[in-house]
Amino acid sequence: MVEKEDPISEVAEDEEDYDEDEDEEEEEPPVTSQSRMRNDRERMEGLLRRMSSERVPLRVHDVIIKGNNKTKESLIEAEVQALKTVTSMQELLQAATIANARLQKLAIFDSVTVTLDSGPPDLPGTSNVIVEVVESKNRVTGDIGIFTKPEARSWSLESSLKLKNMLGHGDIWDGSLSYGWDQTSEISTGVALPRFMKLVNPVTARVSLLSQDWLKFSSYKEQALGLSLGLLSTRNHDLAYNLSWRTLTDPSQMACKSVRSQLGHNLLSHLKYTFKIDKRNSPLRPTRGFAFVSTSQLGGIFPDYRSVRFIRQEFDLRYALPLGFARAAINFGVAGGVIFPWGGGFVNTPVSLPDRFFLGGNSSPVCSLGGPTSLLGFKTRGLGPSEPRREVGEKAGDAGFDPSSERDFLGGDLAVTAFADLSFDLPLKVLRDSNIHGHAFACAGSLVKLTENSFRDLSFQKYRDSFRRSAGFGLIVPTKLFRMEVNYCYILRQHEHDRAKTGVQFSFSSPL
Amino acid sequence: MDEAIQSEQQQHLTLVIRKACFGLPTACPSCLPVYIYLKFANVPFDLSYNLTFPDSDHFLSIESTKDKEKLLLLSTSVNFCDVSLDLQHLCSLADQIPYVDTDTYVAYNNEKGGVIESLKEDNIVNLDAGVQNLPEWVSTMAMINSWLSDAILYELWVGSDGSSAHKIYYSDLPWPVGKLLYLKQVHNVKQLLGISKETAERREEEIYRRATMAYQALSTKLGEESFFSDNRQVPTCYIFLPTSLDAFFLGHALITLYALPETSVLRGKLLEQANLVKYADKLKAEFLDAGSSSPDPSSSSVPRRGPSNWGKFRVPVTNCSKPKGQPKRERTQEEKSFRRKAKYFLVTQMVAVLVFLSLLGGSDDTEVDADGDDGFDYDG
């Protein structure tokens, strides 16, 4: 069936020269321009009527590419390949629209025009397609902004420089520098290739140097020099390979025993597959729909048996239920994750510290889709297994001494979080117009250790007791620069050494 | 005293060193002397290995005058009177590993002059009580920790093919990581020892000459005795008991004899001193090859010495200074309250500004209807 959809504005369809019926005698008497226009209009209307009622057979004789001085013709041909196999006018229109969109998506052209022209007169029922591109004059672009990266736990300030189409294969090179709110800094350079050799899917490669400072929470700093290869990236599926040389150090020399034993170098080689489906109507304030993300990682796929070996699985399920008044909706979410090592002696082997699950932080559970991470009311890395740090000086007797600040949080191997969030518009119109809304929430989460034979001590009762809970209400203020939440959070249940606090909290996230 | 508790604490003392190889409990020149020292003192300890941090040291670059001044300041903090230490020893003190720890107590090698000095200062074990102020003992120690340390450093990283160093430090790291770290360390050692294309030959000759002189001096000093020092604590008779000097030299000798290849020049020079070789073999058999890492104190062949105080071992909580940064200033309750209030004030002001901007500028409604309308992707 023909889809009568509005063509993309850049598609210029020149129907005036199309002559389908060879037998039709042209018996146009000499006419004025007005009558010619009237005739053309009548012919067009006739064609559209015909297209809407029946299949108009047509095939493409030739695809002519113009305007590519630097871009390799093979790249453009690959993107418009579908045009050559059309068998009807309707298919041709659809394929032309898709081809135009694909070429636009390469982000290396200033404009793309797909023109449908009549084929050679001696070949009836054929059409020539002319693809005209205007390559970007300015191949270097710079960018600075606030982004949320999929791997990041919070937003980051990022500046990047892009170089487009340097080799003519639609390659986009970029160098970026970013600084995150959670003491993360990264410098990286990468390249994205829409077509690499015979692969249909685009391939990306990135080399990055990442530095994260966890001294305040876990008494270690992490530096990672990594190479990432994006092997498959579609709407729902993402497959990437990562090879990283990771170093953990403790310049403060205050780390607890478990962290001390993990300091040093390791090589991480893992495949990561992400399946994502998001049918919610908004990623920031969903009022209907559902979303599901599953991430699987297999570490240790490297010829050297001394690389870090683990299997990690996490999932995140969300559902938004509209209530039918004041744009109110209830969002439910449950997320979980487990990690364990593999290989000889895996029962007694601890999981590498940076790969474990950590819960805590003020990021909104509604907006952060991607596994168990946040639990409102608890500070970053503020719950779960912990150990006392190295003792220096006689501090225990001091007034105001906070024992939890002298502990390192080690993360866990099994993490589960759940939340329920009721969002609603506020009565004032000025607030509604600015999309400032209120919400009430309840969260629960658990983080336990399984490795090094800890699972033997874990009973169902103990696991149930390991769940922390919090509840509260707040105000959400989306602005152009930030998305801000002001929440009053009440801790319903916490463990002895958790870093949690009842009171007003602010959190900031990316506006997108 | 609560000897049961103390005994339990003693058993929880853990020594973290680099891996065992070449028939030695560890072949790392920084780690083996500490191991031997604890064995001499008959202190029960558990052994743990760190296999992934070969470069836990931070070699100081001595390119600038400022760095040299830093080194001089560092050297004054070490308790060796009137001895200017060789740079290598100063830099080996920057190595975190080895370290001795319990749950919350740690004696790192790069604090307070080293693990052995920390153990002395924290009254855990002290074998040097009667000798550590004697000039001859001090200068012998300085000679071992400078000339012989330089020599073993040179031999491991520059003078040989590097196979020994690779086995000691990198055999448990993945190949690419180990290889790159090894190359980096070779470069660092050459820089530290002042070895370049122009000076390589001269420095090599100087290092070996000093090592030879040190061996000869030590051979003369040792004679036929069991250890290098006599215990002046008992003035009426001279009892030769091990001190940290023995620990440092024995560590050096064992690594030279067992870890270096047979073609090693340094090894050849040590083999020329028969009494030193006999001393090393004898002590290795007595202390390293016999028994576990936690021997029964009652069966020790080394008489217990008063100053070691290991029977009164208690995990100390000491004011050890952090190698970097200023000591944290204790905040009073008033200061904390003031800071909290100031923080709330600033945040409130910022919130007000943001709300004002938001109401003034408005924000885009980011709701997007997703009716299952498939966009263009590479699945199509």
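Helices (H or I, at least four residues) and strands (E, at least two) are DSSP runs, numbered from the N terminus. Keep that in mind on this tour of a predicted model, in which local features need pLDDT of at least 70, side-chain atom pairs count only at pLDDT 80 or more, and totals for chains, interfaces and linings use all residues. Residues are numbered from 1 along each chain as its sequence is written, chains are lettered from A and ligands numbered from 1 in the order in which they are written, and side-chain values use heavy atoms, with hydrogens and water left out.

**Chain A as a whole**

Select chain A, where you will find seven helices and 21 strands. Of its 512 residues, 45% count as buried, a word that means under 20% relative accessible area, while exposed means over 50% and partly exposed lies in between (1.4 Å probe, protein chains only). Chain A exposes about 25300 Å², with carbon and sulfur atoms supplying 59% of that area; such areas come from the Shrake-Rupley method with a 1.4 Å probe, and for residues only the protein chains shown count as cover.

**Residues 59–135 of chain A**

Next, select residues 59–135 of chain A, which UniProt lists in an unreviewed entry as "domain: POTRA"; its positions are given in the numbering used here, feature names are shortened, and annotations may be inferred rather than shown by experiment. Over this stretch the chain is 31% helix and 36% strand, and the end C-alpha atoms are 28 Å apart.

Now pick A82(A), which sits in the loop between α2 (73–79) and α3 (89–105) of chain A. Is A82(A) buried or partly exposed? With a relative accessibility of 49%, A82(A) counts as partly exposed. If you add A95(A) to the selection, you will see two residues that are 13 residues apart in sequence and 6.4 Å apart in space, C-alpha to C-alpha.

**A loop glycine and a cysteine**

Move on to G411(A), in the loop between β16 (407–409) and β17 (414–425) of chain A, where its relative accessible area of 4% makes it buried. Which residues does G411(A) touch, not counting residues up to four places away in sequence? They are R356(A), F357(A), F358(A), P385(A) and L447(A), where contact means heavy atoms within 4.5 Å.

Then select C443(A) and ask how many disulfides there are over all chains. With a disulfide taken as a pair of cysteine sulfur atoms within 2.5 Å, the count comes to zero. For C443(A), the nearest cysteine sulfur is that of C489(A), 6.6 Å away, and C443(A) itself is buried at a relative accessible area of 6%.

**Chain B and its helix α8**

Switch to chain B, which has 13 helices and six strands, and in which buried residues make up 49% of the 380 residues.

Finish by selecting residues 175–192 of chain B, the 18 residues of helix α8, which should span 26 Å at 1.5 Å a residue; the end C-alpha atoms are 25 Å apart, which agrees. The expected span is 1.5 Å times one less than the number of residues in the helix. Colour the buried residues of α8(B), which include V177(B), L181(B), Q185(B), N188(B) and L192(B). The buried residues of α8(B) cover an arc of only 165° around the axis, which puts them on the same side of the helix; this arc is that of the directions from the helix axis to the C-beta atoms. After α8(B) comes G194(B), whose phi is positive, near 70°.
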